[in-house]
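Please explain the terms applied to the following model, setting each value against its definition.

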Amino acid sequence: MSGAAPRTAFVLAGGGSLGAVEVGMLLALAEAGVRPDLIVGSSAGAVNASFFAGRPNVAGARALRAIWLGLRARDVFPFSPVGGLLGALSLRDHMIDPGPFRRLISDHIPYRLLEEAEVPVHVVATNVLTGREALLSKGLAVPAVMASSAIPGVFPPVEIAGTYYFDGSVASNTPLASARALGAERIVVLPTGYSCEMKKLPQGALAMALHGVNILIARQLVVDVERFMDTTQIRVVPPLCPVSTQPFDFSNAAQLVDRAAASTRAWLARGGMEHTGIPYELPPHEHELI
């Protein structure tokens, strides 16, 4: 008689608008019957994780796809010259009004408290004062997701129970250690990847910052997988390659979701869930730009 299935965690990384890639991965995994016992998300990954944890099935992934296809940059990053100037002059601690993003999260997360999700969901944020990783597993879902996604200097830090938090990617963008501490025996990593084939420099300070963070995320994820792969079953879903979409650009969400779904289906068909290792698409690499 075979043993019990390993306790499986989905771990979702950050990546700005490239978070659409994770939606395609979730759809393909759900179609294949791969269901998590818990979900851990950081930054943009926390947004996807919190929604999918409420509807962890094909229908939920399709609903998440519909949300992403309706997104525009102004829904997440409603930049205004006045806000940018106030931030630059140190008259406030952020450049962008978080109101539209908060409304987006409030309108679509299908539960009020994190512990009410159908599958346990854990959101990673960073303690502003100590710099330490914080795992938010109980309490109001919207502030937790806002905290995990609060890019320093772009959005204001979020206060929860007297402590201020900002973007989880600062302390742990792809929180493998947290998943292990929560009892995961098999970790399925859903990375957004990064824009590896841009033909021109990112346009604007925010786009440049997000691109830099995404490259840092990719490098750190490789290090973390190598660190834990001998003691934990780690399956890294291959990110898309090549990608030219900037992590500030939401106009290509449909293409990213559908490409990622097709790519993940092909990976699953090749027995991806049975093999460890780091996909070649993940480490920083170069393309011949024309």
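**Cavity and buried residues**

The structure holds one cavity of 30 Å³ or more. This is a predicted model, in which local features need pLDDT of at least 70 and side-chain atom pairs count only at pLDDT 80 or more, while totals for chains, interfaces and linings use all residues. Residues are numbered from 1 along each chain as its sequence is written, and side-chain values use heavy atoms, with hydrogens and water left out.

Q: What makes a set of points a cavity?
A: On a 1 Å grid over the protein atoms alone, a 1.4 Å probe fits at the points but cannot get out. The largest cavity has a volume (the space filled by probe spheres set on the points, joined across faces, edges and corners) of about 40 Å³.

Q: Which residues line the largest cavity?
A: The lining (residues with an atom within 4 Å of a point) consists of A13, P191, T192, G193, N214, I217, A218, L221 and L282.

Q: Why is T264 called buried?
A: Buried means under 20% relative accessible area, with a 1.4 Å probe and protein chains only. T264 has 1%, and is therefore buried. T264 is placed in helix α11, residues 253-269, where a helix is a DSSP run of H or I with at least four residues, numbered from the N terminus.

Q: Why is F166 called buried?
A: The relative accessible area of F166 is 18%, so F166 also meets the definition. Leaving aside neighbours within four places in sequence, F166 is in contact (heavy atoms within 4.5 Å) with A125, T126, V128, A147, A150 and P152.

Conventions:
Helix = DSSP H or I, 4+ residues; strand = E, 2+ residues; numbered from the N terminus. Buried < 20%, exposed > 50% of the residue type's maximum accessible area, 1.4 Å probe, protein only. 1 Å grid on protein atoms, 1.4 Å probe; cavity = no way out; pocket = protein on both sides within 12 Å on 5 of 7 lines; lining within 4 Å.
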